[in-house]
Amino acid sequence: MWQAPAFGQGAVGASGAPAVQTACALLLTVRITDQESGQPLPGATVRVLETGEGTAADATGTGRFQVCAGTYRVEARLVGYQSVTGRVQLRAGQPGRLDLALRASTQELGAVQVQGQSEATTLQRSAQAVAVLDVRPYYGQAFGLTELVNRVPGVRIRQDGGLGSNANLSLNGFGGKQVRVFLDGIPLEFYGRGLGLNVLPVSLLERVDVYRGVTPVSLGADALGGALNVMTRREAFSYADASYEHSSFNTHKAALNGRYAAGKGGLYVAGNAFFNYSANNYPVQAEVISPVGTPETRTVRRFHDRFRNHLGRLEIGWQDRPWADKLALTAFGAGLDRQLQHNVQMLQAYGAASYAETSAGTALSYEKTALRPGLDLRAYAGYNRVRGALTDTSRNIYNWDGTVTERRRFSAGEISGVGSLLALTGHTSAVRLSATQALGPQSRLVGNVLGSYFFRRGEDEVVARRQERDYARDPTTLAKLVAGLAYEHDWADGRWRSSTAAKYFGYRSGGFGRQVSGEYLETRQNRQWLGANQLLRWQPAPAWVLKASYEYAARLPDEYELFGDGVLVRANPALRAETSHNGNLEVAYTRPRWSAELSGFVRAARDVIYQPPAVRDTQNQNLLRARTLGAQAAVRYAPVPALSLALNATYQDIRSRTPLAQSGSTDAKYFNARLPNTPFFFGNAEVQLSKADVGGAGRRLSLWWQAGYVQAFFLYWDTDGFRATKPTIPSQLVQNTGLSYALAGERLTLSAEVHNLADAAAYDNYNVQRPGRSGHLKLRAFLR
């Protein structure tokens, strides 16, 4: 699941064209079109059967190969189409051309889904340490995106509740904002909290690219340990895809995706929408105050944890025109409404506090390959407005059973103790320009510039009533600029590939932040850093791939780390950027029936932005130094086409390296101590069984079992206190199982699942209980 199969062992360049073989330099051009409309089919997989070399068709539906004189069979595949094989003969000194037309498939798509991952194959054969998660086989299942990404080796996503709860991503020892998340190459935080990994429907997406260690220049990210690029669906044909899921704890999820291509003029209209709702009233163990005032541990249901959110998005554009491969205007609107159930460590129940947010934005994007010979260009400009409102005015003190135990006489507010009606409005704009210039058949330059500007101002009616200064009215600003330039080169018939890059990171910030003492601090900063990386890939034999990479990078604090979230995270405008040296080694072995991967990583970071655990609220701080050593392994085996087995495990040792002699450092006494509140060993196992033609031609029955394991870890520093009495996040094994039945062509799919099959006590964060056993039913309809 974590690795897409390779079609061939020839080298493929960043533009999708294979590297030139020194002895054979005849150009073979293959164009793929739709048989009915004659439109090109970008992304189709094109493979030369005699050489095994494959590539993805570009925006004009064209794939290019460098071959010797001779006769070749060329196969073309694309999800939703029947595969086609054509034959072409090339004579010495004469280039060849082959046109292949694909017919829309009415048969089941199981086999195509396994092999139609051409872009994923190209990525994995690059010098990047990257894992590719193809989410298309999971459209009919009830798993969320966080649950699927959690199965990728080295990835761990921790949540503090059920649907819609905060999600904290970690990758190879780095977590939180150190690992950037992108949606089609644009930072996900641009869209506000209404659009995150924890709420994105899987059916909106095509795949997730997980970059480990080194973040590619093309993303323009200020990341320390890698990045996730979530790619939305890009089918060229007209379709409609709708799904509805009902599950335990009064949870409902609905999603709708569609696209209409208006003939041969290139005009298209695409849209998607989703709605999520959950009461999140799952059972938890809590200390309930009895009528006589004594605490009693009882099983109660969460009573104030409702979550609902929605999004609507519309895109209008042109594709495959002489002046643009794609020109699109996008508009979207989103919103969320979330009740707040408890504080950071689930020690105090909230019964009235809530948070709501709305966002709206628009964007213009442009793509053109061969704008001039060898030059590919991408441009993006977008704006988003986010308004969030915290309501915390209740004087009631709530019991865990939902009853009111008493009322506050002199104060209001469950979170802050003084009450709040905080409303914050943020404006974010972003501009990106990416270009790739071929310098020859085996080398290229890749450049990227990403600039963003954030402005936030708000108000708090409760503070105004007290006739105190409302610091929320003072503006906070954050401007960022990240730029990079990479030189990529192939040699030795494509067996070796190198990428050398330099990066620039800079930001300017200003604003106020409340400190622990209650005082407000005004801080303005203007800082710059430089970074660099080097990647190497060696393919000594068709089945073997070895990769090595190093990067020195900086990660700039974002607006929420600097200025807080207005709920549970206080501001710290004086935060410094994190910097890190990252090293990675990886070896992968792939055979038709099985594959294996082993990798190791080292991280040496300074000024790590760290959020220490706290009972009420917390604040991001800079930990002076940290070092990570780790390794991960993954194996997948398919003894027969219908059966697939997968297993992976990750170990990471993250320790403070602040010297004992560091004057004035409160963390110096923890030199070489393991970083607290961070899992160090975890893994996943998966079994998938899929049987075709069950109950009729093209119909498919699928069954699966999946499990995730996390070893116990301490909440605080392991050098403090007695191990037997230390607060601990316990070891846990959470299992999921289910089955689905799909009609031919996946026109209709019904799935039934049980998550947390053994009803295990599940904790991602200390004392914060995740849902127990839950049932899920999902219906999906797909029309062409």
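Student: What share of the 784 residues in the protein chain is called buried, and what makes a residue buried?

Tutor: In this predicted model, buried residues make up 56% of the chain. A residue earns the word when its relative accessible area is under 20%.

Student: And what does the chain expose?

Tutor: About 31900 Å² is exposed, with carbon and sulfur atoms supplying 57% of that area.

Student: Why is the set with Val 135 and Leu 145 called a nonpolar core?

Tutor: A core of this kind consists of buried residues such as Val, Leu and Tyr, joined through side-chain atoms within 4.5 Å. The largest one here has 52 residues, and Val 135, Leu 145, Tyr 191, Val 208 and Leu 228 have the most contacts inside it.

Student: How do you know where this core lies relative to domain 2 and domain 3?

Tutor: Domain 2 (119-232) and domain 3 (239-783) both contribute residues, so the core lies between them.

Student: Which residues does Val 208 contact, leaving aside neighbours within four places in sequence?

Tutor: Among them are Ala 131, Val 135, Leu 145, Val 149 and Leu 228. Each counts as a contact because heavy atoms come within 4.5 Å. There is also a second, separate core of 24 residues, including Leu 26 and Leu 98.

Student: What makes you cautious about residues 1-23?

Tutor: Their pLDDT stays under 50, although the model has 90 contacts for them beyond four places in sequence. On a confidence scale from 0 to 100, the chain's mean is 85, while helix H1 (residues 110-115) is lowest at a mean of 31. Where pLDDT is low, predicted coordinates should not be read in detail.

Notes: Residues are numbered from 1 along each chain as its sequence is written. This is a predicted model: local features need pLDDT of at least 70, side-chain atom pairs count only at pLDDT 80 or more; totals for chains, interfaces and linings use all residues. Side-chain values use heavy atoms; hydrogens and water are left out. pLDDT is the predictor's confidence in each residue, from 0 to 100. Helices (H or I, at least four residues) and strands (E, at least two) are DSSP runs, numbered from the N terminus. Buried means under 20% relative accessible area, exposed over 50%, partly exposed in between (1.4 Å probe, protein chains only). Accessible areas come from the Shrake-Rupley method with a 1.4 Å probe; for residues, only the protein chains shown count as cover. Domain bounds come from an automatic or database domain assignment.
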